[in-house]
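Grab the coordinates and work through a few exercises on cavities, strands and burial. Try each task yourself before you read the solution.

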Amino acid sequence: MKYLRLGSTGLEVSAITLGCMSFGNPMRGNHSWTLPEETSRPLIWQALEAGITTFDTANVYSDGSSEEILGRALRDFGTRDQYVLATKVHGRMRPGPNGAGLSRRAILAEIDHSLTRLGTDHVDLYQIHRWDPLTPIEETMETLHDVVKAGKARYIGASSMHAWQFAKAQYTADLGGFTRFVSMQDQYNLLNREEEREMLPFCLDQGVGVLPWSPLARGKLTRDWHDTTSRSETDTFGQTLYKQQEEGDREIAGVVAQVAAERGVPRAQVALAWVRQQPAVTSPIVGVTRAHHLMDAVASVDLTLTAEELARLAAPYRPHTPEGF
């Protein structure tokens, strides 16, 4: 495993981040495809054994049970200083007023709930899961600053939003003397490269680390085009993605298969290697439900694509309407 600095910070993260949306009680929340604790724990152990030190979850994943499973496993398998722990806030955790969003009330309540579920006194990276149009960004940034100053988070990050929103948040932090976001977790892969227009150049310019989610395009880059999985058939959020089917998408998936065959490696390794070799990217977030998924992710770290292969993979892309915000 390789380790890189997260943006311009001194924080070292593994070149692959284990995404933990796949781990959770399938009876809680709306992720019926998630793995229960007894199935999740061996994969978390395998990740640690492979040198993955960075784990990403969220309060809304399986109604908090992803945080619970991850927290118990990490406590059992190692010490707190061995890993980088990230979680998120924004989504609805309870009905009624103040059960979601990025108000001061919501953030201060949810960080404590997340820490309780994770069984730790701090997270390394606390991220806003989406933009909250109903809360002034000044309120959100000041509250996140207070979370950091209270020692409950070491750094803060953001996820999927428009570049102008991210810029507004960063400059609000500067004007108020608040903590800046050090990372951006956005959707980025061979089938969705719209972040290359504004967000990724902004992150490069500002020294912000990039942790792409869905680097394998919900698995569409790892299997034959019309194949499905139990997750793709039941994941309601995932079903809102990659519906545009732009000209070139299937061709891109075909080129991934060609390069993988030429290299003698699984398609997932090629797709992940492409993402990792993009200038702004620090550590792709990879979710796994099988041991071989994790093995492919780890192996991709040592796969370096040639300039000709990178160009072949990128050539068929056509612009898409941005999605996933």
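**Exercise 1. List the residues that line the largest cavity, then sort them by element and by class.**

Start with the lining itself: Leu-6, Leu-11, Val-13, Thr-17, Thr-54, Phe-55, Asp-56, Val-84, Ala-86, Leu-125 and Leu-211 surround the largest cavity. Next, map them onto elements: β4 (54-56) and β5 (84-89) are the ones that give two or more residues to this lining. The largest share, three residues, is from β4. Now go by class: the lining has eight nonpolar, two polar and one charged residues. Keep in mind that you're working on a predicted model here. As for space, the largest cavity holds about 70 Å³, and there are three cavities of 30 Å³ or more in the count.

**Exercise 2. Work out how β4 and β5 fit into the sheet.**

First, get the strand order. The sheet is open, has eight strands and reads β9-β8-β7-β6-β5-β4-β3-β10, with parallel pairing. At the edges sit β9 (209-210) and β10, each pairing on one side only.

Then zoom in on the neighbours of β4. On one side, β3 (residues 17-19) runs parallel to β4 and is joined to it by three bridges, with Gly-19 opposite Asp-56. β4 also pairs with β5, again in the parallel sense and over three bridges. In that pair, Thr-54 faces Val-84. Thr-54, Val-84 and Asp-56 are also among the residues lining the largest cavity.

**Exercise 3. Decide whether β5 is enclosed or open, and sort its side chains by direction.**

Split the strand by direction first. Val-84, Ala-86 and Lys-88 point one way, while Leu-85, Thr-87 and Val-89 point the other. Now check burial on each side: all of these residues are buried. That's six of six, so β5 is largely enclosed by the rest of the structure. To link this back to Exercise 1, Val-84 and Ala-86 both show up in the lining of the largest cavity.

**Exercise 4. Do the same burial check for helix α9, and find what covers it.**

Take the helix, residues 267-276, and count: nine of its ten residues are buried, so α9 is largely enclosed by the rest of the structure. The buried set is Ala-268, Gln-269, Val-270, Ala-271, Leu-272, Ala-273, Trp-274, Val-275 and Arg-276. For the cover, look at α8 (249-263), β10 (285-287), α10 (291-300) and α11 (307-314), which are included in what lies over those buried residues.

For a helix that packs on the sheet, try α4 (residues 137-149). It lies across β6 (123-128), β7 (153-159) and β8 (181-185), and runs at about 150° to β7.

**Exercise 5. Describe the second largest cavity and place Asn-192 in it.**

Volume first: about 60 Å³. The lining is made up of Ser-160, Asp-186, Gln-187, Asn-192, Glu-194, Glu-195, Pro-322, Glu-323 and Phe-325. By class, that gives two nonpolar, three polar and four charged residues.

Now for Asn-192. You'll find it in the loop between β8 and α6 (199-206). Is Asn-192 buried or exposed? The cut-off for buried is under 20% relative accessible area, and Asn-192 has 4% relative accessibility, so it counts as buried. One last distance to check: the C-alpha atoms of Asn-192 and Gly-119 are 36 Å apart, with the two positions 73 residues apart along the chain numbering.

Conventions
Residues numbered from 1 in each chain as written. Predicted model: local features only at pLDDT ≥ 70, side-chain atom pairs only at ≥ 80, totals over all residues. Heavy atoms only, no water. 1 Å grid on protein atoms, 1.4 Å probe; cavity = no way out; pocket = protein on both sides within 12 Å on 5 of 7 lines; lining within 4 Å. Points joined across faces, edges and corners; volume = space filled by probe spheres on them. Helix = DSSP H or I, 4+ residues; strand = E, 2+ residues; numbered from the N terminus. Nonpolar A, V, L, I, M, F, W, Y, C, P; charged D, E, K, R; others polar. Buried < 20%, exposed > 50% of the residue type's maximum accessible area, 1.4 Å probe, protein only. Contact = heavy atoms within 4.5 Å. Pairing = 2+ DSSP bridges. Axes fitted to C-alpha atoms, helices over the stretch in contact; angles between N-to-C directions.
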